[in-house]
Amino acid sequence: MTDPDPIVEAVFDAVAATAPEIRDALPGRRVESGTENPSGETVLAGDMYADELLAEALGAVDGVGSFVSEERPEAVDVGGAVGEGAYAVAIDPLDGSSNLRSNNAMGTVVGIYDAPLPASGRTLVAAGYVLYGPITTMVVADERGVREEVVERDGDGDDPGVTRSVVDDDLTLPDQPTVYGFGGRVPDWPDAFREYAREIENELKLRYGGAMVGDVNQVVTYGGVFAYPALVDAPDGKLRLSFEANPIAYIVESMGGASSDGSGSILDVEPDGLHDRVPLHVGNEELVDRLESALDE
Ligand code: AHG
Ligand code: MN
Ligand code: MN
């Protein structure tokens, strides 16, 4: 078994340390901040708070050279030459933030790249997501495999720490797919995707909650397929490559699953910009293969 990468471990320690504070801050931050992010989306107070907390935590990690956030137009240089010993970290501070008002699952997504951003997913050395569900969990994938951890405060003094307890040290995708979740509206799906969706709807159970991390965690747990596909009027779909699609693709492929932008692995997509969007499909390999065949007809 290879030794853990100390910088990767320090990044996930920092992300885990912010999780209870982000979770505790959510009740009071369900309102709009009055600003838009680089993707042109309304930013909630919760998005801003998570971004600021994570920026501070990641900036303090030795070995993180720069970070990119959904909420910031440019990469933030925090010292250290990326690609020459330092890593670049891409974060979605609060994924599924529209679920804040409806009190449904949300999370934080992290990609750790060994190259300046924007970069191909092939330069990822690790990726993970925090899921704010009934309990706070963190899924972490690196060269050693994929693990699920429960993240809890340890104690309730003035400055309680956080414990990361591994509850599954070898997450693999169930062979038998059970669930699916497809984003966007049916009338906006291209015909080929709609036909694929019709087949899947007759085979699997619908699990779509409007937050990628929650919906992907359904697939990670029960097997199946998640997609936010290309739409007729948005051929690049909705999800961003650097801090949503690439990290999720890295995690699912590390568990024995597959990812696709519609024609090949998400990890092979060469980005132009930090906030490039890409159609995302992840899950059991046979379901992703069927998707690519359906789109290729
Ligand atoms: P974010 O809140 O970080 O912008 O991400 C929201 C994304 C993703 O979490 C989810 O899959 C998708 O938006 C949901 O989009 P719809 O509301 O169109 O279903
Ligand atoms: Mn998101
Ligand atoms: Mn977000």
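# Two domains and a pair of manganese ions

Visitor: What spacing do the donors of the manganese ion (ligand 3) follow along the chain?
Guide: Bear in mind that this is a predicted model. The atoms coordinating ligand 3 come from Glu70 (OE, listed twice), Asp92 (OD) and Leu94 (O), at 2.2 to 2.7 Å. Read along the chain, the donors of this manganese ion give the spacing E-x21-D-x1-L.

Visitor: Glu70 and Asp92 link distant parts of the chain, so how many residues apart are they?
Guide: Start with where each one sits. Glu70 belongs to the loop between β3 and β4 (76-77), while Asp92 is in strand β5. Along the chain, the pair is separated by 22 residues.

Visitor: And which residues are the protein donors of the manganese ion (ligand 2)?
Guide: Here the spacing along the chain reads D-x2-D-x148-E, so look for two Asp and one Glu. The donor atoms are OD, OD and OE, and they lie 1.9 to 2.1 Å from the ion. The residues are Asp92, Asp95 and Glu244.

Visitor: Which residue bridges the two manganese ions, ligand 2 and ligand 3?
Guide: Look for a name that turns up at both sites. Ligand 2 has Asp92 (OD) among its donors, and ligand 3 takes an OD from that residue too. The ions are 3.7 Å apart, and the residue that coordinates both is Asp92.

Visitor: How far apart in sequence are the parts tied together by Asp92 and Glu244?
Guide: Both residues are donors to ligand 2. Asp92 comes from strand β5 and Glu244 from helix α5 (residues 241-254), so the parts that the pair ties together are separated in sequence by 152 residues.

Visitor: Let's zoom out to the domains. What is the distance between the centres of domain 1 and domain 2?
Guide: The domain assignment puts domain 1 at 6-168 and domain 2 at 179-296. Taken over C-alpha atoms, their centres are separated by 22 Å.

Visitor: How much area do domain 1 and domain 2 bury between them?
Guide: In terms of contacts, 44 residues of domain 1 touch 34 residues of domain 2. Carbon and sulfur atoms account for 59% of the buried area. The total for the two domains is about 2,800 Å².

Visitor: Which three residues supply 21% of the area that domain 1 buries against domain 2?
Guide: One of them has a peptide bond worth a look: the bond joining Leu117 to this residue is cis, with omega about 0°. That residue is placed in the loop between β6 and β7. The trio, which supplies more than any other three residues, is Pro118, Arg122 and Tyr129.

Visitor: What pairs with Glu41 in a salt bridge?
Guide: Across the interface of the two domains there are 4 salt bridges, alongside 16 residue pairs in polar contact. For Glu41, the closest N and O atoms of the bridge are 3.1 Å apart. The partner is Arg240.

Visitor: Which element gives the largest share of the side of domain 1 that touches domain 2?
Guide: By class, that side has 24 nonpolar, 11 polar and 9 charged residues. The elements giving two or more residues to it are β3 (64-69), β5 (87-95), β6 (106-113), β7 (124-132) and β8 (136-142). With 8 residues, the largest share comes from β7.

Visitor: How many residues apart are Glu9 and Arg164, which link distant parts of the chain?
Guide: The whole structure has 18 salt bridges, and Glu9 with Arg164 forms one, with its closest N and O atoms 3.4 Å apart. Glu9 sits in helix α1 (residues 6-25), and Arg164 in strand β10 (residues 161-168). Their separation is 155 residues.

Visitor: Last one: what is the phi of Asn103?
Guide: Asn103 is found in the loop between β5 and β6. Although Asn103 is not a glycine, its phi is positive, at about 50°.

Terms used. Residues numbered from 1 in each chain as written. Chains lettered and ligands numbered in written order. Predicted model: local features only at pLDDT ≥ 70, side-chain atom pairs only at ≥ 80, totals over all residues. Heavy atoms only, no water. Domains from an automatic or database assignment. Contact = heavy atoms within 4.5 Å. Buried area = accessible area lost by both parts, 1.4 Å probe. Salt bridge = Lys/Arg side-chain N within 4 Å of Asp/Glu carboxyl O. Polar contact = N/O pair within 3.5 Å; in protein donor to acceptor, adjacent residues only side chain to side chain. Helix = DSSP H or I, 4+ residues; strand = E, 2+ residues; numbered from the N terminus. Nonpolar A, V, L, I, M, F, W, Y, C, P; charged D, E, K, R; others polar. Donors = N, O, S within 2.8 Å, 3.2 Å for Na, K, Ca; no water.
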